[in-house]
Amino acid sequence: MNTDKILGLVALTGFLLYLFGTFPNAHGEVQVFARDLAWNDAYSRGLNLYNENCAVCHGDNGQGGVGEDALGLPLNLQSFLVIAPKSYIVNTIRYGRESRGMPAFADDFSESDINAVATFIKGWQIQPSKAIEDGKIKGNVKEGAKWYKVTCGNCHGPNGEGGPQETGGGHISASFSGFSAPALADIGFKKSSTDGFIKATLIYGRIGTPMTSYLKKSQGHVELEEQDINNIVAYIRSMPAIE
Ligand code: HEC
Ligand code: HEC
């Protein structure tokens with residue numbers, strides 16, 4: 001074997017080791033590689049599962065509003081993705097929103113499939129995540145009920161059953177307008193969401209949809225103190241579940 005061939009073999013071996021992530025170096029890049037390969041795999045499986053099972057209602061690019069009643073919410077909104085932990089998306093896929101037409105996928109999808117779809121959806125996020133509060137948020141249920149009735153019930157339904165039809169009027173783009181307000185008492189939503197996720201939705205709103213921010217001094221049309229928001233969260237959590 002001449003020197004060129006030997007050099008060629010050495011280079012090829014090095015390249016293959018590099019490709020499969022076993023080429024050792026001082027910076028722990030071996031693990032990084034393994035992680036990236038696992039992410040790539042989940043992402044591409046998630047993409048296929050999404051196209052086959054979700055795009056019909058949520059749109060090819062997560063733009064929402066597809067299907068007979070155009071109820072599938074947009075999933076690519078930054079203001080949604082930055083406050084939605086992956087576990088929220090995983091559980092939403094697992095439990096669905098059956099009172100609103102979104103099936104539960106727990107029986108058809110393996111845990112790894114569910115995780116793959118959530119990885120794919122999280123791939124739309126380009127802005128950094130915002131911290132959301134952990135645990136139970138303390139609030140006065142009766143006070144919260146009063147606010148809910150006058151500020152939220154018209155869109156989300158008096159018992160949290162969701163809006164009957166489009167609520168209209170997105171702020172930024174016509175493609176975002178006209179989403180029906182989701183069912184906050186749906187059992188799938190109750191099981192997937194946390195107090196902190198609901199509170200963050202009220203604080204930041206969903207930019208580009210009829211769901212504005214409600215925190216005082218934000219862009220909302222109704223300005224609430226943080227304690228009012230806590231009361232509303234406590235009330236929403238107390239609503240009887242709708243199966
Ligand atoms: C003008 C109609 C309207 C009003 C008023 C309104 N919402 Fe919403 N809300 C929406 C829509 C539409 C969405 C879905 C936004 C999206 O596309 O992500 C939403 C989303 C939400 C979500 C997220 C649910 C999910 O499935 O992710 C919560 C929580 C919420 N609203 C709570 C409230 C509360 C509490 C109030 C009252 C303080 C309120 N909303 C007032 C229309 C409204
Ligand atoms: C038949 C239509 C339909 C299909 C199919 C469907 N969904 Fe949904 N999805 C909905 C509707 C409708 C809602 C809003 C529920 C409400 O209005 O209360 C929703 C809500 C969601 C939410 C919550 C969004 C938010 O803003 O909180 C996520 C996440 C989601 N779906 C993911 C998926 C994924 C992933 C798939 C495929 C595995 C899927 N959905 C399949 C109709 C559907």
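How do the residues of the shell around ligand 2 divide into nonpolar, polar and charged? The legends below take that up first, then move through other close-ups of this predicted model.

**Figure 1. The shell around ligand 2.** Here we look at the 25 residues that surround ligand 2. They divide into 14 nonpolar, eight polar and three charged residues. If you would like a place to start, find Cys54, Cys57, Arg100, Met102 and Pro182, which are the closest to ligand 2. Two helices are worth tracing as well: α3 (55–58) and α5 (86–95) each supply at least two residues of this shell.

**Figure 2. The shell around ligand 1.** Ligand 1 has 24 residues around it, and Cys152, Cys155, Ala181, Pro182 and Met211 come nearest. The elements giving two or more residues to this shell are α7 (141–156) and α9 (195–204). With five residues, α7 provides the largest share. By type, the shell around ligand 1 splits into 17 nonpolar residues, six polar ones and one charged.

**Figure 3. Where α7 meets α10.** Stay with α7 and bring in helix α10, residues 226–238. The axes of these two helices come within 7 Å and cross at roughly 95 degrees. An angle from 65 to 115 degrees counts as roughly perpendicular, so α7 is roughly perpendicular to α10. On the α7 side of the contact you will find Val141, Glu143, Gly144, Ala145, Trp147 and Tyr148. They meet Asp228, Asn231, Ile232, Ala234, Tyr235 and Ser238 in α10. The residues of this contact divide into seven nonpolar, three polar and two charged.

**Figure 4. Helix α5 and what covers it.** In this view, look for Ile89, Asn91, Thr92, Ile93 and Tyr95, which are buried residues of α5. What covers the buried residues of this helix includes α6 (111–122) and α8 (187–192). Just after α5 comes Gly96, and its phi is positive, near 65 degrees. You have met α5 before, as one of the helices that supply at least two residues to the shell around ligand 2.

**Figure 5. Gly188 and its neighbours.** This glycine has its place in helix α8. Is Gly188 buried or exposed? A residue is buried if 20 or more other C-beta atoms lie within 10 Å of its own; Gly188 has 24 C-beta neighbours inside 10 Å, so Gly188 counts as buried. Leaving aside residues up to four places away in sequence, Gly188 touches Thr92, Tyr95, Gly96, Arg97, Glu98 and Ala104. Arg100 makes a nice reference point too: Gly188 and Arg100 are 88 residues apart in sequence, and their C-alpha atoms are 9.8 Å apart in space.

**Figure 6. A stretch to read with care.** Over residues 169–176, pLDDT stays under 50. For this stretch the model has 15 contacts beyond four places in sequence. Where pLDDT is low, predicted coordinates should not be read in detail. For the protein chain, the average pLDDT is 87, and 82% of the residues score at least 70.

**Figure 7. Stepping back to the protein chain.** To finish, here is the setting for the close-ups. The protein chain has ten helices and zero strands. Of its 243 residues, 33% count as buried. Among contacts between residues at least 6 apart in sequence, 65% join residues at least 24 apart.

Notes: Residues numbered from 1 in each chain as written. Chains lettered and ligands numbered in written order. Predicted model: local features only at pLDDT ≥ 70, side-chain atom pairs only at ≥ 80, totals over all residues. Near = placed C-beta within 6 Å. Helix = DSSP H or I, 4+ residues; strand = E, 2+ residues; numbered from the N terminus. Nonpolar A, V, L, I, M, F, W, Y, C, P; charged D, E, K, R; others polar. pLDDT = per-residue confidence, 0-100. Contact = placed C-beta atoms within 7 Å. Axes fitted to C-alpha atoms, helices over the stretch in contact; angles between N-to-C directions. Parallel < 35°, antiparallel > 145°, perpendicular 65-115°, else oblique. Buried ≥ 20, exposed ≤ 12 C-beta atoms within 10 Å, placed from the backbone.
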